[in-house]
Amino acid sequence: MTQPDDFERAIRRNDELRAELISASRRTEHLVDASEELLAKRERMIAGLARLVVKAQIAPDLGVVNLTADGRLTIDLDHTKVTVSDTSKLGERILEAISSAETKLDKLRAKAFRETTASDSNL
């Protein structure tokens, strides 16, 4: 082999490597952009969930349980109705309402997460 052939082959190989490097750099930039976009979506989702309040009725219409995404719980009883109801079942009914609110909240969180991660396929 002559030196000019080796030189041309080295130039071609250098050009191939440079093209691969440019391609890898573009793929990396795309992944970084997609990751930043996903992070922003998740931050918006978390902020939206933080403001979420789920309500559940205390049967039979004795009041309402309010549960926030950050775990705050309030129980609003209709004292007029409670006093004429079976008070021995009140605790159980409140727990059922809390459980119902937790289930609703879990479903809303899961839905929000699915919606946020639906676009993950571009990563």
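What follows is a short dialogue on reading the fold of a predicted model.

Colleague: Where do I start, and which elements does the chain have, in what order from the N terminus?

Modeller: Start with the inventory, then the order. This is a predicted model. The chain has three helices and three strands, and from the N terminus on they run α-β-β-β-α-α.

Colleague: How do I judge the overall form, and what radius of gyration does the chain have?

Modeller: Set the radius of gyration against the value for a globule with the chain's residue count. For 123 residues a compact globule would come near 14 Å, but this chain has 30 Å. The box around the C-alpha atoms, taken along the principal axes, is roughly 105 × 20 × 15 Å. As for cover, 21% of the 123 residues count as buried. The chain exposes about 9,000 Å², and 56% of that is supplied by carbon and sulfur atoms.

Colleague: How do I read the sheet, and what is the order of its strands?

Modeller: Note the order, the sense of pairing and the edges. Here three strands form an open sheet in the order S1-S2-S3, with antiparallel pairing. S1 (53-58) and S3 are the edge strands, each pairing on one side only. On average, neighbouring strands of the sheet are turned by 20 degrees against each other, direction ignored.

Colleague: How many bridges hold each pair in the register?

Modeller: Count them pair by pair. S1 and S2 pair over six bridges, while S2 (residues 63-68) and S3 (residues 73-77) pair over five. For single positions, look across the pair: Gln-57 stands opposite Val-64 in S2. On the S3 side, Val-65 has Ile-75 as its bridge partner, and Asn-66 has Thr-74.

Colleague: What should I look for in the hairpins, and which residues take a positive phi?

Modeller: Look at the number of residues between the strands and at the backbone angles there. The hairpin of S1 and S2 has four residues between its strands, and Asp-61 takes a positive phi near 60 degrees. The hairpin of S2 and S3 also has four residues between the strands; in that one Gly-71 takes a positive phi near 95 degrees.

Colleague: Is S2 mostly covered or mostly open?

Modeller: S2 is mostly covered, with five of its six residues buried. Asn-66 is found in this strand.

Colleague: Why does Asn-66 count as buried?

Modeller: Compare its relative accessibility with the cut-off, which is under 20% for buried. Asn-66 counts as buried because its relative accessibility is 9%.

Colleague: What does the side chain of Asn-66 make a polar contact with?

Modeller: For a polar side chain, look for a polar partner and then list the other residues around it. The side chain of Asn-66 makes a polar contact with the side chain of Asp-76, at 3.0 Å. Leaving out residues up to four places away in sequence, Asn-66 touches Val-53, Val-54, Lys-55, Arg-72, Leu-73, Thr-74 and Asp-76.

Colleague: Which strands does helix H3 lie across?

Modeller: Check which strands a helix crosses, and at what angle. H3 (residues 90-117) lies across S1, S2 and S3, and runs at about 150 degrees to S1. For the chain as a whole, among contacts with a separation of 6 or more, residues 24 or more positions apart account for 49%.

Conventions
Residues numbered from 1 in each chain as written. Predicted model: local features only at pLDDT ≥ 70, side-chain atom pairs only at ≥ 80, totals over all residues. Heavy atoms only, no water. Pairing = 2+ DSSP bridges. Helix = DSSP H or I, 4+ residues; strand = E, 2+ residues; numbered from the N terminus. Axes fitted to C-alpha atoms, helices over the stretch in contact; angles between N-to-C directions. Contact = heavy atoms within 4.5 Å. Rg over C-alpha atoms; globule rule 2.2 N^0.38 Å. Buried < 20%, exposed > 50% of the residue type's maximum accessible area, 1.4 Å probe, protein only. Areas by Shrake-Rupley, 256 points an atom, 1.4 Å probe, with all protein chains shown as cover. Polar contact = N/O pair within 3.5 Å; in protein donor to acceptor, adjacent residues only side chain to side chain.
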